[in-house]
Amino acid sequence: MNINKYLNMLLVQQKTEVLSLAIELQIFTLIEKKNYEIHDLAFELNTNVNNTKTLLDSLVLLDLLYKENGFYKNEEISKRFFISTSSTYCGDVFLHRKNMLEYGKESLSSLLKKEHLNLSKPKDSGKWANAAKKYLKQEQKNLISPSALNIIKNLRDINKMKKILDLGCSSGIVGLEIVKNYENMTGVLFDYEEVTNIANNHIREYDLENRVSILSGDIEEDNIGEGYDLIWCSNILYFFKDKKKILEKIYKALNPNGVLVSCHVEIDEQDKVNQDSFFYFLFMSMQGRNIIKPMELSNICENIGFKNIYSFSNFDMPMTPCQIHIARK
């Protein structure tokens with residue numbers, strides 16, 4: 001018995017910094033363009049030659065690069081997610097998530113001492129709008145939308161559904177991707193006004209002005225529309241104390257036989273196998289957020305009147321597994 005398990009936790013910081021630095025220096029983008037000798041790459045980056053080689057060797061150990069004939073090459077995962085010119089680039093997502101966790105780390109001590117008393121329910125729509133422009137757009141386009149499409153394609157009547165609501169849409173990309181893939185469908189994107197202003201730009205980028213509209217407001221206080229055949233609701237219920245109130249509003253907004261697809265992280269404090277979810281939400285939990293317990297949402301849905309509730313875990317969502325609940329009215 002020794003403490004190496006806990007000492008080795010410190011090494012995660014080193015690996016995180018290596019990848020962050022590589023993204024910021026656009027190393028993956030540079031070496032995709034041509035074969036660089038170490039001296040030439042260091043000159044391009046204005047970095048120390050020996051330390052540049054050490055950084056690249058670190059990326060090899062992280063399975064992000066490999067060596068071939070003396071040159072460093074991108075692994076497929078780096079080509080897909082870390083080349084800045086790629087349509088599936090997610091480097092900004094990684095840096096954004098890293099900054100969020102670092103902020104949480106710095107705030108844990110003060111939260112423990114209850115120095116921050118007004119963090120339980122912030123509605124900083126400007127913050128969400130800024131994130132929707134870049135980080136969340138990348139994340140929704142390249143990481144969340146493929147999973148969302150894979151989930152809804154299995155709905156037995158998806159091709160007959162006419163109207164979808166993307167509730168708490170952020171960048172709006174998930175809703176836009178769904179509408180784009182189902183030509184008979186129209187969509188509504190709902191979020192705070194500052195956020196939907198950004199989503200409106202994305203509607204124009206998708207050339208879907210005739211099929212997708214905006215509805216702005218506060219989910220708790222304002223009308224979310226009605227007559228929906230499908231409502232996509234992802235990672236928003238942590239911000240509301242009265243989840244039943246929100247789910248009742250969703251239920252009323254659905255057409256008969258309409259479907260809610262809920263995608264949220266559910267946390268069991270005793271589950272050591274999936275402990276990453278607990279630690280990812282540690283900062284939010286200390287802020288007073290309403291962490292969702294296993295089966296909590298499905299039980300509420302059943303009590304409200306939803307029928308044929310089908311639940312499963314999805315491991316393709318970013319950061320931690322999500323629990324999917326498909327509930328039919």
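Does arginine 328 count as buried or exposed, and at what relative accessibility? In this predicted model, arginine 328 has a relative accessibility of 5% and counts as buried, and the paragraphs below lead from the confidence of the model, through its sheet and helices, back to this residue and its partner.

The protein averages a pLDDT of 89, and 94% of the residues score at least 70. That confidence is not spread evenly over the elements, for strand S3, covering residues 163-167, has the highest mean pLDDT at 98, while helix H8, covering residues 125-133, has the lowest at 60. Over residues 116-122 the pLDDT is below 50, and this stretch has 12 contacts in the model beyond near neighbours in sequence.

The next element to follow is an open sheet of 7 strands, which can be traced in the order S5-S4-S3-S6-S7-S9-S8 and whose pairing is mixed. Strand S5 (212-216) and strand S8 (307-314) stand at the edges, and because each has a single partner strand, one side of each is left without a neighbour in the sheet. On average, and with direction ignored, neighbouring strands of this sheet are turned by 15° against each other. Strands of a sheet pair through backbone hydrogen bonds, and this pairing may be parallel or antiparallel. An example of the antiparallel sense is given by strand S7 (residues 254-264) and strand S9 (residues 322-328), which pair over 6 bridges; for serine 262, the bridge partner is histidine 325 in S9.

Helices can then be placed against these strands. Helix H12, made of residues 243-253, packs on the sheet and touches S3, strand S6 (228-234) and S7, with a direction that makes about 140° with that of S7. Helix H15, made of residues 296-304, lies across S7, S8 and S9, and runs at about 170° to S8.

Charged side chains add another set of links, since the structure holds 9 salt bridges. One of them joins glutamate 76 and lysine 79, whose side chains meet at 3.6 Å, N to O. These two residues are 3 apart in helix H6 (residues 76-81), which means that about one helical turn separates them. Glutamate 76, at 56% relative accessibility, counts as exposed, whereas lysine 79, at 31%, counts as partly exposed.

A salt bridge between glutamate 205 and lysine 137 has its closest N and O atoms 2.8 Å apart. Because glutamate 205 lies in helix H11 (residues 193-205) and lysine 137 in helix H9 (residues 135-152), the pair ties together parts that are 68 residues apart in sequence. Here glutamate 205 is exposed, at 52% relative accessibility, and lysine 137 is partly exposed, at 24%.

The path now returns to arginine 328, whose side chain meets that of aspartate 157 in a salt bridge of 3.0 Å, N to O. Aspartate 157 lies in the loop between H9 and S3, and arginine 328 lies in strand S9, so the pair ties together parts that are 171 residues apart in sequence. Aspartate 157 is buried because its relative accessible area is 16%, and the cut-off for that word is under 20%. Arginine 328, at 5%, is buried as well. Finally, salt bridges that share partners join Glu17, Lys98 and Glu102 into one network.

Terms used
Residues are numbered from 1 along each chain as its sequence is written. This is a predicted model: local features need pLDDT of at least 70, side-chain atom pairs count only at pLDDT 80 or more; totals for chains, interfaces and linings use all residues. Side-chain values use heavy atoms; hydrogens and water are left out. pLDDT is the predictor's confidence in each residue, from 0 to 100. Helices (H or I, at least four residues) and strands (E, at least two) are DSSP runs, numbered from the N terminus. Contact means heavy atoms within 4.5 Å. Two strands pair if DSSP finds at least two bridges between them. Axes are lines fitted to C-alpha atoms, for helices over the stretch in contact, and angles run from 0 to 180 degrees between N-to-C directions. A salt bridge is a side-chain nitrogen of Lys or Arg within 4 Å of a carboxyl oxygen of Asp or Glu. Buried means under 20% relative accessible area, exposed over 50%, partly exposed in between (1.4 Å probe, protein chains only).
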